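Me: I am new to this structure, and I would like to go through the words used to describe it one at a time. Please set each value against its cut-off before drawing a conclusion.

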Amino acid sequence: MPARHVSRVRALYRRILLLHRALPPDLKALGDQYVKDEFRRHKTVGSEEAQRFLQEWEGMSTNVDACI
């Protein structure tokens, strides 16, 4: 996996967890666990699926950021 892809995934992961800090504690815990599980599940997917995964999560993080 290219280093650029790995850094993009890590940056997105950190960004989502930072956005969750604005949530109430119970929702933060639920959201954090969901994100961790999803990123773990998609760690070994193919290139095409990884691109779709990143696009969806980047869109979600942009939408959440706009709401906060």
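Me: Is aspartate 32 buried or exposed, and what relative accessible area goes with that word?

Reply: This is a predicted model, and in it aspartate 32 has a relative accessible area of 10%. Buried means under 20%, so aspartate 32 is called buried.

Me: What makes the contact of aspartate 32 and lysine 28 a salt bridge?

Reply: The term asks for a side-chain nitrogen of Lys or Arg within 4 Å of a carboxyl oxygen of Asp or Glu. Between the side chains of aspartate 32 and lysine 28 the distance, N to O, is 2.7 Å, so the pair satisfies the cut-off of 4 Å. Both residues belong to helix α2, where they are four residues apart, about one turn of the helix.

Me: Why is lysine 28 called partly exposed?

Reply: Its relative accessibility is 28%, and the class called partly exposed lies between the limit of 20% for buried and the limit of 50% for exposed. Lysine 28 therefore counts as partly exposed, whereas its partner aspartate 32 is buried.

Me: How do you know that arginine 40 and aspartate 37 also meet in a salt bridge?

Reply: Their side chains are 3.4 Å apart, N to O, and the limit for a salt bridge is within 4 Å, so this pair qualifies as well. Arginine 40 and aspartate 37 lie three residues apart in helix α2, which is about one turn of the helix. Arginine 40, with a relative accessible area of 53%, is exposed, since that word applies over 50%, while aspartate 37, with 26%, is partly exposed.

Me: What can be said of arginine 41 and glutamate 38?

Reply: The side chains of arginine 41 and glutamate 38 form a salt bridge with an N to O distance of 2.5 Å, and because the two residues are three apart in helix α2, about one helical turn separates them. Glutamate 38 has a relative accessible area of 13% and is therefore buried, the limit being under 20%. Elsewhere, salt bridges that share partners join Glu48, Glu49 and Arg52 into one network. Over the whole structure, a search finds seven salt bridges.

Me: Which helices does the chain have, and why are α1 and α3 called roughly parallel?

Reply: The chain has three helices and zero strands, and from the N terminus on its elements run α-α-α. Helix α1 covers residues 3-19 and helix α3 residues 47-67, and the two pack with their axes 10 Å apart at an angle of about 30 degrees. Angles under 35 degrees count as roughly parallel, so α1 and α3 are given that description. Their crossing is left-handed.

Me: Why, then, are α1 and α2 called roughly antiparallel?

Reply: The axes of α1 and α2 cross at roughly 165 degrees and come within 10 Å. Angles over 145 degrees count as roughly antiparallel, and α1 and α2 are therefore described in that way. The crossing of α1 past α2 is right-handed.

Me: What makes leucine 30 exposed, and which patch does it belong to?

Reply: Leucine 30, which is found in helix α2 (residues 25-41), has 58% relative accessibility and so counts as exposed, because the limit for that word is over 50%. Together with Leu23 and Leu27, Leu30 forms a nonpolar patch on the surface, and the accessible area of the patch is about 270 Å².

Me: Why are alanine 29 and lysine 36 both called partly exposed, and where do they lie?

Reply: Alanine 29 is in helix α2, and lysine 36 is in helix α2 too. The relative accessible area of alanine 29 is 47% and that of lysine 36 is 31%; partly exposed covers what lies between the limits of 20% and 50%, so the term applies to alanine 29 and to lysine 36. From C-alpha to C-alpha, alanine 29 is 30 Å from serine 47, with their positions 18 residues apart in sequence. For lysine 36 and tryptophan 57, which are 21 residues apart along the chain, the C-alpha separation is 12 Å.

Me: How much of the chain is buried?

Reply: Of the 68 residues in the chain, 24% are buried.

Technical notes:
Residues are numbered from 1 along each chain as its sequence is written. This is a predicted model: local features need pLDDT of at least 70, side-chain atom pairs count only at pLDDT 80 or more; totals for chains, interfaces and linings use all residues. Side-chain values use heavy atoms; hydrogens and water are left out. Patches are made of residues with over 30% relative accessible area and no salt bridge: like charges are joined within 9 Å, nonpolar side chains (Val, Leu, Ile, Met, Phe, Trp, Tyr) within 5 Å. Accessible areas come from the Shrake-Rupley method with a 1.4 Å probe; for residues, only the protein chains shown count as cover. Buried means under 20% relative accessible area, exposed over 50%, partly exposed in between (1.4 Å probe, protein chains only). Axes are lines fitted to C-alpha atoms, for helices over the stretch in contact, and angles run from 0 to 180 degrees between N-to-C directions. Angles under 35 degrees count as roughly parallel, over 145 as roughly antiparallel, 65 to 115 as roughly perpendicular and the rest as oblique. A crossing is left-handed if the near helix is turned anticlockwise from the far one by less than a right angle, and right-handed if clockwise.
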